[in-house]
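I opened this notebook to record what I looked up, one topic per entry. The topics are burial, aromatic rings, charges over rings, and pockets.

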Amino acid sequence: MNRMRRLRMNGILRDMVRENHVRAEELIYPLFVIEGENICAPVESMPGICQYSLDRLPEELERAAEAGIRALLLFGIPAHKDEVGSGAYDDNGIIPRAVRLIKERYRDMLVIADVCLCEYTSHGHCGLVRDGEILNDETLPLLARAAAVYAAAGADIVAPSDMMDGRVEAIRRALDREGFTDVPVMSYAAKFASAYYGPFRDAAHSAPGFGDRKTYQMDPANGREALREVEQDLREGADLIIAKPAMAYMDVIRDISAEFNVPVAAYNVSGEYAMVKAAAANGWIDERKVVMENLVGMKRAGAKMIITYHALEVAQWVREEM
C-alpha cells in the first residue's frame, strides 16, 4: 500500500520534500516616503507601517538591511498636489530624492519606483481628468516622464501601476530615449479594482476625490482578461509582471505563470496585511503561521517574488528557521 504519510513523519524529511519555500531574497518591502522633517507617522489601518520623511528613512532602511531585505518598492507623498500630478515627475520630487538617498547609503539595495499619478493629483486619480473622465492617452507622456526621472535618480526598476492602456510602451520608449535601456519595467499588468486597497490609500493619501477606479482597473470578476492585459504589456516591453491583490486572485497568478515565461510578483496588499494584523491582535489566529501559509500559497500559485508589508517579519522568521 502506498502511504503518503511516510514522507510526513519526520520534520527533516518534510523539509527535504517541500515543494515551495519563502526566501528573504524573494521579498519586496513597500515603503512610504513623505515630504517634511522628523516624520515617522504610523498608519493607523496598517499596524507596524509608517510614513517616513527622508531624514527618518535611514532608520527603516537599516532595519530592512539587517533583516536581509534586498528590494524596496517606493511610494511618494508630496507636500502639494495639483491637477496634473506634477510632483510625480519633478526631478527633485520626493521619490527621486529618496532613491538618491538609498543608493548613497545602500548601493546594493534594489530600488523599485512605483509610477503613478494618484498620490500627486489633487483629484486622487491615476491619470489626468477632464469633465469627470480619466484621460488615457494624455496621461501617458507624464507617466513616461516620471519613469525617466526615477531612472535618472538611480532607480533599478520602474513599476507603472496606473493601468492606462499603452503606458508600458510609452515608458519603454522614454527610458530607451534617455539612455536607460537596461532599466526593467515591472508592470502592474493584472491590477484589479479591489476593496483590499483601503489601508494603502490611507498610507499614500491617494483615495480618489470622486467616483472610483473601475474605468481603468480590472473587474474582479474577470480572469481571462488578466491574461490579455499581461500579453499586451509584454508585447509593449514589460520585463516583469505584478498581480494585485494576491490572496483572492491566486488563480490569476497561476494562470499568468502557466501561460507566460515571465517572472511574476504577487502583491500581498494592504487590506490583506491589515486583516491578518487585526485578527492576530485579537488573538484569533497565529500571525506567523497564517502569514507564512499565505505567502507559500502565493509561491505555490506561481509567484517568483512577493511584495508584502510583512517583509521584515517574514525575513526574520525565515532566518530563525534556518
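Entry 1, burial. I took a residue as buried when its relative accessible area is under 20%. The model I worked on is predicted. I looked up Tyr267 and found a relative accessibility of 1%, so Tyr267 counts as buried. I then looked up Tyr309, which has a relative accessible area of 3% and is therefore buried.

Entry 2, aromatic pairs. I searched the whole structure for aromatic pairs, and the search gave 8. Tyr267 and Tyr309 form an aromatic pair, with 6.2 Å from centre to centre and 40° between the planes. That pair is classed as tilted, because planes under 30 degrees apart would count as stacked and planes over 60 as edge-to-face. I asked where in the chain Tyr267 and Tyr309 lie. Tyr267 is in strand β11, residues 264-268. Tyr309 is in the loop between β12 (305-308) and α11. The two tyrosines are 42 residues apart, and the pair links distant parts of the chain.

Entry 3, the aromatic cluster. I checked which residues join Tyr267 and Tyr309 in one aromatic cluster. Phe32, Phe75, Tyr188, Phe200 and Tyr273 belong to it as well.

Entry 4, charges over rings. I looked for charged ends over aromatic faces. Tyr188, a member of the cluster, has Lys191 over its face, at 5.4 Å from the ring centre. I also noted Tyr197: the charged end of Lys244 sits over its ring, 4.8 Å from the centre.

Entry 5, the largest pocket. Rolling a probe the size of a water molecule over the atoms shows where empty space is left. I read a volume of about 590 Å³ for the largest pocket. Its lining has 16 residues, and Arg18, His21, Val22, Met292 and Glu321 lie nearest the centre. I asked which helix gives the largest share of this lining. That helix is α10, with 7 residues. α10 spans 287-301 and α11 spans 311-321, and each supplies at least two residues of the lining. By class I noted 8 charged, 5 nonpolar and 3 polar residues in the lining of the largest pocket.

Entry 6, the second largest pocket. I read a volume of about 270 Å³ here. Met4, Leu7, Arg8, Arg14, Val17, Arg18, Glu19 and Asn20 line this pocket. The classes in this lining are 4 charged, 3 nonpolar and 1 polar. I marked Arg18 in my notes, as Arg18 lines the second largest pocket and is also among the residues nearest the centre of the largest pocket.

Terms used
Residues numbered from 1 in each chain as written. Predicted model: local features only at pLDDT ≥ 70, side-chain atom pairs only at ≥ 80, totals over all residues. Heavy atoms only, no water. 1 Å grid on protein atoms, 1.4 Å probe; cavity = no way out; pocket = protein on both sides within 12 Å on 5 of 7 lines; lining within 4 Å. Points joined across faces, edges and corners; volume = space filled by probe spheres on them. Helix = DSSP H or I, 4+ residues; strand = E, 2+ residues; numbered from the N terminus. Nonpolar A, V, L, I, M, F, W, Y, C, P; charged D, E, K, R; others polar. Phe/Tyr/Trp six-rings, centres within 6.5 Å; stacked < 30°, edge-to-face > 60°. Buried < 20%, exposed > 50% of the residue type's maximum accessible area, 1.4 Å probe, protein only. Lys NZ or Arg CZ within 6 Å of the ring centre and 35° of its normal.
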